[in-house]
Structure formats: structure tokens, C-alpha cells
Amino acid sequence: MKSPTVLGVLVTLALLAIPGSLALEDEIALPQCRGSRDEEPAEYTCLEQVKWGKCNETWVIEGNYCEEACGRCEGRAAVPTSGPLETRARSALEEPPSSACLSGYGPPETALYVKGGLLEEESGIAASRANEGILWLHNDNYDKKHVIAVSVLGPNAGNIVYVLDLEGLPGINRYSDFEDISVARCPFQSDRPEAERTWCVWVGDVGNNAEWDKGTFMYVVEEPILGSSIHTSPIDRTPRPPTNPITLRLDYEGYGYFKGPNVEAIAVAPDGSRFWAFRKTTSHGGAGPAAVWESPTLTDRSALQEDDCRMIANSSWSCALSDRPNQFLISQKYGQAILVGGQPAFSVRSRDSARMGVSAPLCLQKIGSMPNPLGPKDKRNISGADLSLDGRALLIATYAGESPPSHRSPYRF
């Protein structure tokens, strides 16, 4: 198993071997480090650059600074040394716990750099199921609501090759905050043979740090078929609208209507039949517990109470809520998403079913919580989650904020 460096912080992940993804057994050869030691910036050391998360800064990469410390090279012809990240990664091998990844741990390696300038605060990543050599990513925070495809093959490797535009969907507003992404079968396909079922990209605007009432949503759109030429053809980054979008308005058990917990991670069943949301903050000084919510079964579309959404004059949406009589959700692209009582005083256009797709409420049940068995001395936040293809293994990615955690053992639940 490889442990990538993210902004210079070692993050231990369990990786999935899934169709269309990079083969895990393929070794990516790193170049040999130049000279007898890392080239350091004039003012601060490489150790400090790693600590401050500067490894992926353009000036660090273009200046060839801290290459070994940041995991961009390995070995030296003159004086072989081990960079600090390599040393920390290898320490995980000394006493691997019983639940460690069966393939073992290795030092971090950089597979490629993403080019194109559209990713500034990458928050979610998922490998395509329908397109070989494609990764889907998105930004965090209040950026444009785009989902970005990056090629990992051929001449376009590392380039953004496709942009999926979700900005026109109900619920999207100025404060929409995509937290995590997954690729799984589309929901409501139980009546189709397996060979005819389509893949979907699941994007979660599932919570916020302050837990304020801005609404929480799961957006599900069909994964576009890009074709093998996407890795070699001239790049076109024109944002494209989604196909057959579904907007699920989330109502978390234990929280007020239109409010949501501090969630940054989702996991979707491979067959698209349900999903889970994981609270980020492990409370009580890092000891937890972190709550887990589960969706109902998403096999029968007729069970949904669909909202009646219509475009208003400023190209935003007014949705009559199916679960709240005489209440409307107003989502404005350049404003907030708000709940209002009674018919809003907007100029309403005709219903654009193709653009809207389906909008419906969904209640998430709290099914339990997960303690941090390592206790408050190893504070961690849950930042990503995924399921193995057979749905039996839950994989959790954590980070520790400003306090680097011990990587000698995984986060056992």
C-alpha cells in the first residue's frame, strides 16, 4: 500500500483496486535525488516547509526545493540518506498492527501533479468506474460547484480533461460546500439487469464546521462516458451540464430541519442502494465518538416524495417542499439557500425538468458512533471514507490538523 503526501503531511490510506484505476501493484519509479542533500529555501528549512504544508507550493516545486523531504525523489549517488517523511513512513513497518493493510506500508510516492489551475483546495477524490484512467475531484469551500476529471494516462496525464458543472441544480447556492465524492452505481436501478445499470458520481454537500442552517444535500449524476481519446485529444475544459441529476435534501436524525452536523466524509454502497455519512470531529479531546448516519434503501424511486422545483427569474430555484406543506426552499446561485413560508414573491418560469432532474427529501438515521481507540493522545478528524467493491471493508482516511498523529497504527473502529 502506498502512503501519499498531501500538502506535505503523511496520510495513511487503504487504497481500492477498482476498474479503471491505477493498478496498485505497479511501482512508480522516483528519480534519484540530486547532490548530497536537499536544496533548501533561503529563509526556512525543509523540515519547516513540510511541517507547514508547503510541499505542493508552485515555488517549492519549480525551485527544486526539498525534493527528498517532500517525497519527490529517493536515494542519492553520493551520500544515501533518508528524508524525514520516509523515516516516518518506514516507522510504521516496525510494529504493524494486526489490522494493518495486508500488502504492508511503503514510503510516500508522487504519482503525478495535477495541472490546469482549477483545483485550489482539493477536498474529494474518487476513481472512475466507467472511464479507464480517470480520477474525479472537486474543490472544498465556496468555489464553483464543478466536479473535475483528471487523466492519469497518456499525453494528458495530470491534466484536467473534463469539467462537470453542477451549478444549475436545486439547492446550489453561494455557500454550497462540497465535502466528499464517491463513484458507485446510480440509485433506483433494482429493476434493471446488472449489465444495464449505469454508474453515477455522488457528491456530498453534507455538512459544515459551524453546523449552521444552510441545508445539506447529496447530488447524484450519471458519470459521463469520456472515451479513450480523452487521454490524447486536445483538452476542452468547457463546463458540461450533468445527465439525469438527483438532488437529495438531507435531514439528519438528532439535528433540526435544514441543519446538519460537521460531516466531511461519505461512503456509498457499490450498488448505489444506500450511503453513510461520518461526523468529522472526534469530540472530547480527540477520543470521540464520531457519529455515523445511514440513508434509507435507495432502490425504489416511487418511494420518494418529489419536490416541485421551478426556476425563478434570476436562474435560481424555488422548490415547494414535499415533506413540509406550504414551505419553499429558495436556492440562489449568488445568495443563500433559505426556507420561506408561503408562495415566494418571485417571477417563476416554467418547470425545467431536464435541468432539474429529481429533488426529494431524505431522512438519515443515526446508527451509532465510532470511538477513537487510541484516545486523546492521537487526535484525528475523519476526512474521507470509501467501501471496498464487495461492500465488506470500510476504509477511513483521517488527518490530525496541526498535531501530527502517530502512523504506527491505523484508526481502528
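The exercises below concern the disulfides, salt bridges and overall make-up of a predicted model.

**Exercise 1. Overall make-up**

Task: State how many helices and strands the protein has, what share of its residues counts as buried, and what share of its contacts is long in sequence separation.

Solution:
1. The secondary structure comprises four helices and 20 strands.
2. The protein has 413 residues, of which 49% count as buried.
3. Take the contacts with a separation of 6 or more; residues 24 or more positions apart account for 63% of them.
4. The exposed area is about 19,500 Å², and carbon and sulfur atoms supply 51% of it.

**Exercise 2. Disulfide count and pattern**

Task: Find how many disulfides the structure holds and give the pattern that they follow.

Solution:
1. A disulfide is a covalent bond between the sulfur atoms of two cysteines.
2. The pairs to look for are cysteine sulfur atoms within 2.5 Å.
3. This search gives five disulfides in the structure.
4. Counting the bonded cysteines along the chain, the pattern is 1-6, 2-4, 3-5, 7-8, 9-10.

**Exercise 3. Cysteine 33 and cysteine 73**

Task: Describe the link between cysteine 33 and cysteine 73 by its S to S distance, its handedness and the parts of the chain that it joins.

Solution:
1. The S to S distance between cysteine 33 and cysteine 73 is 2.0 Å, and a disulfide joins the two.
2. The angle about the S-S bond is 100 degrees, and this link is right-handed.
3. Cysteine 33 sits in the loop between strand S2 (9-10) and helix H1 (46-51), while cysteine 73 sits in the loop between helix H2 (58-62) and helix H3 (84-91), so the pair ties together parts that are 40 residues apart in sequence.
4. Both cysteine 33 and cysteine 73 are buried.

**Exercise 4. Cysteine 55 and cysteine 70**

Task: Determine whether the link of cysteine 55 and cysteine 70 is left-handed or right-handed, and locate both residues in the chain.

Solution:
1. The sulfur atoms of cysteine 55 and cysteine 70 lie 2.0 Å apart and form a disulfide.
2. About the S-S bond the angle is -80 degrees, and the link is left-handed.
3. Cysteine 55 belongs to the loop between H1 and H2, and cysteine 70 to the loop between H2 and H3; the pair links distant parts of the chain, 15 residues apart.
4. Cysteine 55 and cysteine 70 are both buried.

**Exercise 5. Cysteine 186 and cysteine 200**

Task: Describe the disulfide of cysteine 186 and cysteine 200, then classify cysteine 186 and cysteine 200 by accessibility.

Solution:
1. Cysteine 186 and cysteine 200 are bonded, with their sulfur atoms 2.0 Å apart.
2. The link has 95 degrees about the S-S bond and is right-handed.
3. Cysteine 186 is in the loop between strand S7 (180-185) and strand S8 (199-205), whereas cysteine 200 is in strand S8, 14 residues apart.
4. The cut-off for buried is under 20% relative accessible area.
5. Cysteine 186 has a relative accessible area of 6%, so this residue is buried.
6. Cysteine 200, at 2% relative accessibility, is therefore buried too.
7. As a further case, cysteine 363 has 54% relative accessibility and so counts as exposed.

**Exercise 6. Salt bridges**

Task: Give the number of salt bridges, then examine the pairs of aspartate 236, aspartate 307 and arginine 310.

Solution:
1. Side chains of opposite charge can pair when their charged atoms come close.
2. With nitrogen and carboxyl oxygen required to be within 4 Å, the count is ten salt bridges.
3. Aspartate 236 and arginine 240 meet at 2.4 Å, N to O. At 35% relative accessibility aspartate 236 is partly exposed, and at 31% arginine 240 is partly exposed.
4. In the salt bridge of aspartate 307 with arginine 249, the closest N and O atoms are 2.9 Å apart. Aspartate 307 is in the loop between strand S13 (290-294) and strand S14 (308-311) and arginine 249 is in strand S10 (residues 246-252), so the pair ties together parts 58 residues apart in sequence.
5. Aspartate 307 is buried at 2% relative accessibility, and arginine 249 is buried with a relative accessible area of 7%.
6. For arginine 310 and aspartate 308, the closest N and O atoms are 3.4 Å apart. Arginine 310 is partly exposed at 32% relative accessibility, and aspartate 308 is partly exposed at 32%.

**Exercise 7. A network**

Task: Which residues are linked in a network of salt bridges?

Solution: The network links Arg185, Glu194 and Arg197 through salt bridges.

Note on methods. Residues are numbered from 1 along each chain as its sequence is written. This is a predicted model: local features need pLDDT of at least 70, side-chain atom pairs count only at pLDDT 80 or more; totals for chains, interfaces and linings use all residues. Side-chain values use heavy atoms; hydrogens and water are left out. Helices (H or I, at least four residues) and strands (E, at least two) are DSSP runs, numbered from the N terminus. Buried means under 20% relative accessible area, exposed over 50%, partly exposed in between (1.4 Å probe, protein chains only). A salt bridge is a side-chain nitrogen of Lys or Arg within 4 Å of a carboxyl oxygen of Asp or Glu. Contact means heavy atoms within 4.5 Å. Accessible areas come from the Shrake-Rupley method with a 1.4 Å probe; for residues, only the protein chains shown count as cover.
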